[in-house]
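Subject: Structure handover

Hello,

The structure we discussed is placed below, with my notes after it. Please read the notes with the coordinates open.

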Amino acid sequence: MGELMILTGRHLKVYLRDRSAVFFSLLSAFIIIGLMAFFLGDMNVDAILEIAGPFVAAEELETLANHLVLAWTFAGILSINAVSVSISVYSGMIKDRVNGRLNAIYTAPINRLKIALSYIASAWTASVLVCVLTLGITEVYGIVSGMAPYTFMEHVQLLGMIMVNSFAYASLMYPLALLAKTEGAWSGFGTVIGTLVGFLGGIYIPIGSLADSISGMMKCTPIIYGTSMFRKVMTKSILDSTFQGVPVDIVDEYREIMGIQLKVADYTLTLRDEWLILLACGIIFLVIGMCLLKYEKKMDR
């Protein structure tokens, strides 16, 4: 256990010392904030005003709509941060392999499984830390903007979601990092995923605005489930206030369009369902990673 902790700490230090890696792991979040501030935010606010306008007092609705869009955006940022941070942390593993440091680590009297788990643990830890920091920053910004702070139980829920969401992507990215043989290949992969993650999470364009074939494809990835999970908690109170007095069927339709509420084969997923989906994805890809590691070890003989 001590060896695992030492190696995990070493990988975290490598990641945190590389300021450019830390910056680019947060680049997707900066892009989303910019798009919401200058383009997409107004569109989402206008949609809320159109839906709830006939039922809610106009003087309150615009402020509530702005707060709802902020909370919706913050939830998306929390979800995709785990993806981008994991990619950046595994860049260290790629560099270790290319520069021969990984082979040097393998010569130490440490089980390869522990070495692999140390990289996964470092990606998970970095993702959790960055997401908790992001939650703190976005919540402070929301409070300054007039939003109510999250309750203690909501914070507990969000922390649990951050941990399972980060585990899913730390596990998912590991086998992909094993397959990447060069820094250029991994950098290119990171660029593609960084571009796609906002679409797959239904952040740039709400999932309900897309064709059924595209939304069906999005539901085949874990990203949309993580985003929906965070949105359920982070938008609940402000959404209830915004749509107070609005017919339930209209509110449910809005939830589905904005990806707050997901349906799979006419079954409406609960918060627990989405949490279990992410946990299952993490376990499946962790097993796949261990199998690839075992195969790689045989090939090295």
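**The loop before α6**

I110 sits in the loop that runs between α5 (101-106) and α6. Please keep in mind that this is a predicted model. Leaving out residues up to four places away in sequence, I110 touches E3, L7 and I115. The pairing with E3 spans 107 residues of sequence, while the two C-alpha atoms are 7.6 Å apart.

Helix α6 itself covers residues 112-144. Its 33 residues should span 48 Å at 1.5 Å a residue, and the end C-alpha atoms are 48 Å apart, so the expected and the computed length agree. After α6 comes G146, with a positive phi near 110 degrees.

**The chain as a whole**

The secondary structure consists of 13 helices and two strands. Of the 301 residues, 48% count as buried. The accessible surface is about 14,600 Å², and carbon and sulfur atoms hold 68% of that area. Among contacts with a separation of 6 or more, 81% are between residues 24 or more positions apart. The pair I110 and E3, at 107 residues apart in sequence, is one case of long separation; some others follow.

**Long-range pairs on the helices**

V89 belongs to helix α4, residues 58-98. Is V89 buried or exposed? Its relative accessibility is 5%, and the cut-off for buried is under 20%, so V89 counts as buried. Apart from neighbours within four places in sequence, V89 is in contact with Y15, S122, A123 and A126. V89 also lies 9.1 Å from I120, C-alpha to C-alpha, with their positions 31 residues apart in sequence.

K294 is part of helix α13, residues 271-300. With a relative accessible area of 57%, K294 is exposed. Its C-alpha atom is separated by 8.9 Å from that of L113, although the two residues are 181 apart along the chain.

E256 is in helix α12, residues 248-257. The relative accessible area of E256 is 31%, which makes this residue partly exposed. Not counting residues up to four places away in sequence, E256 touches I207, G208, Q261 and K263. From E256 to P206 the distance is 9.0 Å, C-alpha to C-alpha, and the sequence separation is 50 residues.

**The α7 and α8 pair**

Two packed helices are described by the angle between their axes and the distance between the axes. For α7 (residues 152-179) and α8 (residues 183-200), the axes come within 10 Å and cross at roughly 145 degrees. The crossing of α7 with α8 is right-handed. On the α7 side the contact is made by M173, L176 and A177, and on the α8 side by W186, F189 and I193. What kinds of residue make up this contact of α7 with α8? Six are nonpolar, with no polar and no charged residues.

Helix α8 has 18 residues. From its first C-alpha to its last, α8 reaches 25 Å, close to the 26 Å expected at 1.5 Å a residue. The buried residues in α8 include W186, G190, V197, G198 and L200. W186 therefore appears twice, as a buried residue of α8 and as part of the contact with α7. After α8 comes G202, with a positive phi near 65 degrees.

**The loop between the strands**

Most residues other than glycine have a negative phi, and most peptide bonds are trans. Where does A265 lie? A265 is found in the loop between β1 (263-264) and β2 (267-268). Its phi is positive, near 55 degrees, in a residue other than glycine. D266 lies in the loop between β1 and β2 as well, and the phi of D266 is positive too, near 65 degrees.

Both residues count as exposed: A265 has a relative accessible area of 74%, and D266 is at 75% relative accessibility. The cut-off for exposed is over 50%, which is why D266 at 75% counts as exposed. K263, one of the residues touched by E256, falls within β1 (263-264).

Regards

Terms used. Residues are numbered from 1 along each chain as its sequence is written. This is a predicted model: local features need pLDDT of at least 70, side-chain atom pairs count only at pLDDT 80 or more; totals for chains, interfaces and linings use all residues. Side-chain values use heavy atoms; hydrogens and water are left out. Helices (H or I, at least four residues) and strands (E, at least two) are DSSP runs, numbered from the N terminus. Buried means under 20% relative accessible area, exposed over 50%, partly exposed in between (1.4 Å probe, protein chains only). Contact means heavy atoms within 4.5 Å. Accessible areas come from the Shrake-Rupley method with a 1.4 Å probe; for residues, only the protein chains shown count as cover. Axes are lines fitted to C-alpha atoms, for helices over the stretch in contact, and angles run from 0 to 180 degrees between N-to-C directions. A crossing is left-handed if the near helix is turned anticlockwise from the far one by less than a right angle, and right-handed if clockwise. Ala, Val, Leu, Ile, Met, Phe, Trp, Tyr, Cys and Pro count as nonpolar, Asp, Glu, Lys and Arg as charged, and the others, Gly among them, as polar. The expected span of a helix is 1.5 Å times one less than its number of residues.
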